[in-house]
Amino acid sequence: MGLLSDAVRPRQQQQQLPVYQRPASPSKERYSDDDYDYSDEDEEESYHSSSRHSRSGYSSRSVSDTMSGSSGSRAALLQARRPKSTYSRSCFSRYRFRMPTKVTRYVLLFVLGTTLLFIFSLIRASQVENWKIENGKVPTRPAPPPAWEKFPFLERYYGGIRTLVPLNESEPEYPRENEPIPLGGPESQEGGDDDENEKRSEMQPGKRVAETIQKKAVPASTVWSDYANRSTEPGVKECFMDPRNQIQVPELRYYTGRPHGFPTHIGGSYELLGLPEDICFERYGRYGPYGFGYSSRRGGLGTGEHSENEGAELVWDSRPHVDFRDVDWADAQRRCLQSNAHRFKSVPTRKVGPQGFVNAVPESDKKQKRDEAAAATHEAATPTASAETVSKTAEEASATPSADSAPKKGRTAIVLRCWDEFLFREDDIANLRSMIMELSLGSGGRYDVHLLVQVKNDGAHPVWADQDAYNQRIRETIPKEFQGLVTLWTETQMLALYQGIHDKWTIGPDHSVHGSYRGLVMAMQHFAYMHPEYDYFWHWEMDVRYTGHYYDLLTKIESWAKEQPRKGLWERNARFYLPAAHGSWDDFKHLARVQTEMGTVSAENVWGNLHNLNEDESQPKRKGDKSVWGPARPADGNDWFEHEDDPTPPTTYESDKYQWGVGEEADYITLNPMFNPEGTTWNLRDDITGFNESHPLPPRRASIITTSRMSRRLLLAMHRATTFKKQFAFAEMWPATMALHHGLKAVFVPHPLFVDRKWPVEYLASTLNAGHNGATGGARASIYGAREHNLRGLSWFYNTGFAPNLYRRWLGLRVNNDGGDEFEKTEDKSKLQGATGGVGNMPGGEGRMCLPPMLLHPIKEVDLAVEAPPEQGEEAPESDPAA
C-alpha cells in the first residue's frame, strides 16, 4: 500500500521489527597501530548503516526490546565484512607521505652541507675577531660620559673690567668650603617642591655672585713699572728698539683687582712663587704696546681697532704707537747685549758659521776692554802728575771693583720651536714681540729669543747643500722682523748626527725616533752644543701664552726652583699641589713624605696586606717606597755613561735637614709633574732605547708638555749619551730620565692652574694624584694615559679645551655663540630673570675680560679680524720718532 499502509500500521507491529545494534566496544587489538587492515573506511560504513536504521523510524525503546532477543537474531543481523581494495590501503594509509630514497638522499646531503658550512663560518668568524682584537680593530661600545661632565661650568671667568674689586673683596665663585656640587647641570634642578628648588638655588654660588655684582665706570689702568712686587734686573743699561736709540721699549698696563666673583686657582700658588695675584690684564694693556689695537698703516697689527676699547687709549699715552715695520729683532738683541756686556760671562772665541742667530760676548772683546781700561789708568798716572795724585788714583782704583772682578751672570736662551710651513698670525706675532721686549730687551741681554725652525721637506729645499737655499727658505716662510732669529733643522740632519739608534717605532711607521714628534729634543741637544754662550735653555712652544709679564714669570720660577732642597724633591715633583685640599706648602711636603714612606691604599695594592705563604713572617713588610736620594742608575753597569762627575749626596737621607740643594740652580725645570711611567697606561711609557733589554727597563720619569728649562750640563749629557751610547727616549721622557740617572736637580714648579667646572675639591685631588702611593704615576689608575680626559678642563695641558676658549673670549672673540663685542658692550636684562645660571646665561655689559697672570696651553690658530692691507701707492702716516 505504500507509505499510507506503513503509516496506519499498529505501533505494536512496528516494535516487533528487528533493528541493527552496533557491537560493543572493540578490543585493543582492533584499534592497535599494528592492525594494517583496519581503516577509516570500515568505520565510515558502520556509521552509514547505523544512520539508515535510525532514519527507519524505530524508537530507542524498540531498540532496547530488540536487543533483549535471542543471539541468533543478533547474529543474523550482522553484516559481513567487505574485502578492501589494495588501492584504498595504499592511498589512505598513515605512511602515504613517505619520500622516495633518492629524494631522501639529496635532503640528507643538503642538511650535512649546511651544517658544515655553518661550522666553518663560525671558525672563520672566530679567526677574524681574534685578528681584530690583536690589531685593535674591534669597534667598542661608546663609553659613558665621564663624571666631570656632570659638573656645572664656572661663569665668572668671563666678567669684565666694569666689575673690578680688590682681591680681598672678590668673593670667588669657586672653590668654596663645604659646598655641595649639583650634578647634571640645570636639568638636575627640575622637579621637586618649591622649598627644595629654593634650597638648590641658594646653593648656586654663581647666582649669589650675580646678585651682588655692581657695575661701575671703567677705572684707569696703571703702567707696569709702577707695580711694587715686579721682578727687576739691577745694573741694566736701557736698551732701545732702533739703532739710533730713540724708540724705547713700550710698557704693559694692568688693572688693580679682579672681576667680581673670579674663581680662585685650584692648583699651584701665586703666593708660593711670588707672582702677582692682585692685578689683572685685559687685551689692550697686554698686547697694545706690541701693535694690537692700531692700524698696520701706522706699523701695528691692524686688528682690535673696532672692538670694545673704553679706556684703552691710556696704553699709548706715555709712549706713542710704535712702528714695527722696520724692526730687526736680531740686531736689537745684539745691541742690547753689547750695552750690557760687562754683566755677563764671556765665552771662548770661535768661528761662527753663516747659519743661525748667535749673540755672545767673546773673550777677545773683554780683553780689549781690559786693555783700554789699563791704558786709561796709565794715562792718568803721567809724570806731570804729583805723587799724591798718583797714589790717590791707585787707591780709588783698588777700592772700586772693576767690571771683570764683579760676579758675572750666566745667560739663557729662549728657544721657540716651529716649522717652516707655520702660519704666523697676528696673535703669534704679538706674543713673540712681547717675549723679545720683556725678556731680552727688558733684562739687558740676560735672555735671548731664538726660533728653531724645522724644514719639513728638505728634499725640495736643500738648505744644507746651498747657503742661498738656506736663506731663501727663511725669507719665504718667516716674517721679516724675525728672520734674523732663525736656526733651521731637519729630520735628515738629526739622522746624520745621531746614527745607529735602534728605533722601536712605538707609535707606527709615520713617526721615527729622529722626527719632530718623538725626537724633537734632539734638535735642542745639538742647539745647546752649538751655543756655548748660554748656561740654560728654555724650550718653549709657539702655542703657549702668558697673560702677565714674561720676565716676571721666568725669573720668579727660576728663583723658586733654586731654593728648593733636594730631600723629597722627586716625590714632590710627582704630585699636583692643590692648596684647597693639601693646605700649605709645608703640609704638602709632609704629606708627600708620609705617603712615600708609609704607602697608601689604592686599587693596585688593596690585597697587599694578605699573608703570603712564601714570605718569611720575620721580615717586616714595607708598604712604602724608598725615596730618591742621589743618582738612580740603570741595572746594568754597562749602561752608565760619563757618571764620574755626577753630584752625590753629602750625607744620608735621614741625616739631611733639608739643606742639600738649597741655593743650587736647577738643571731641569718643568711646568707639569714628573711622573713614573712604569705601570701606567701611557702609550709611550716604554719608548726608550739603547739600554740592555735583558734587564728591566731603567728607572724613568716623564713630564707632559715639553715646555721646560734645561741646563747646558743636562743637554750635553743627553747629547753625548745619544751620540756615543745610542741611548734615547721619547722627548717628554728623555730629559727627566737623564736627570734621574745622573742625580741632577729637577724641579716641578707649581704655577697657578685654573679649572672650568665646579669639581669637588677632594675628588679632584684624588683624581689627579691617583697613582702609586698618592703620586700621579706608577699605576694603572694614573691620570696619564687612559684617564687624561680628566685634564681637559684645566688651563694647562696639551689637549685642554678650556685654555683656548678662555683665551679667545679674552681677545673679544665669540666662542660657542657666547661673548664677542656685543656681549661686552650691552647688557641683556632678560637673562637676569633666568632661574639657572651658566656661561650662556650671563647678561653681559661688563666690558672687556680681565685675567690675572696665568699660563695657557694650547693656543692654536687664533684668527682675528684684520684690516685690509694698504693699497699700492697709498701713503702711510709717519710714526712718532719720540716713541
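1. In this predicted model, E678 is partly exposed, with a relative accessibility of 42%. Its salt-bridge partner is R700, and the closest N and O atoms of the two side chains are 2.7 Å apart. E678 belongs to the loop between β11 (668-670) and β12 (688-689), whereas R700 belongs to the loop between β12 and β13 (708-711), so the contact ties together parts that are 22 residues apart in sequence. R700 itself counts as buried, at 2% relative accessibility. The pair therefore joins a buried arginine to a glutamate whose 42% lies above the 20% limit for burial and does not reach the 50% beyond which a residue is exposed.

2. A second salt bridge connects E438 and R286, with an N to O distance of 2.8 Å. Because E438 lies in helix α15 (residues 426-441) and R286 in helix α11 (residues 283-287), the pair ties together parts that are 152 residues apart in sequence. Both partners are enclosed: E438 is buried, with a relative accessible area of 2%, and R286 is buried with a value of 0%.

3. Helix α15 also contributes R433, whose side chain meets that of E481 in a salt bridge at 2.9 Å, N to O. E481 is placed in the loop between α16 (467-477) and β8 (486-489), 48 residues from R433, and the pair thus links distant parts of the chain. R433 counts as buried at 5% relative accessibility, and E481 counts as buried at 10%.

4. The count for the model comes to 40 salt bridges. Beyond the pairs discussed above, a network of salt bridges links E233, R343, K409, R446, E558, K562, E665 and R709. One member of this network, R709, recurs in point 6, where R709 in β13 stands opposite W538.

5. How many residues of strand β9 (residues 536-541) are buried? The number is 6 of the 6, so the strand is largely enclosed by the rest of the structure. Side chains in a regular strand alternate between the two faces of the sheet. In β9, Y536, W538 and W540 point one way, while F537, H539 and E541 point the other way, and all are buried.

6. Strand β9 has pairing partners that include β6 and β13. Strand β6 (residues 412-419) runs parallel to β9 and is joined to it by 6 bridges. Within this pairing, H539 of β9 is the bridge partner of V415. Strand β13 runs antiparallel to β9, with 4 bridges between them. Here W538 is the residue that stands opposite R709.

7. The largest pocket holds about 880 Å³ of space. It is lined by 34 residues, of which R417, Y517, E541, D543 and K860 are the closest to its centre. E541 is also one of the buried residues of β9, on the side shared with F537 and H539. Which element supplies the largest share of the lining? That share, 3 residues, comes from β6, the strand that runs parallel to β9. By residue class, the lining divides into 17 nonpolar, 6 polar and 11 charged residues.

How values were computed. Residues numbered from 1 in each chain as written. Predicted model: local features only at pLDDT ≥ 70, side-chain atom pairs only at ≥ 80, totals over all residues. Heavy atoms only, no water. Salt bridge = Lys/Arg side-chain N within 4 Å of Asp/Glu carboxyl O. Helix = DSSP H or I, 4+ residues; strand = E, 2+ residues; numbered from the N terminus. Buried < 20%, exposed > 50% of the residue type's maximum accessible area, 1.4 Å probe, protein only. Pairing = 2+ DSSP bridges. 1 Å grid on protein atoms, 1.4 Å probe; cavity = no way out; pocket = protein on both sides within 12 Å on 5 of 7 lines; lining within 4 Å. Points joined across faces, edges and corners; volume = space filled by probe spheres on them. Nonpolar A, V, L, I, M, F, W, Y, C, P; charged D, E, K, R; others polar.
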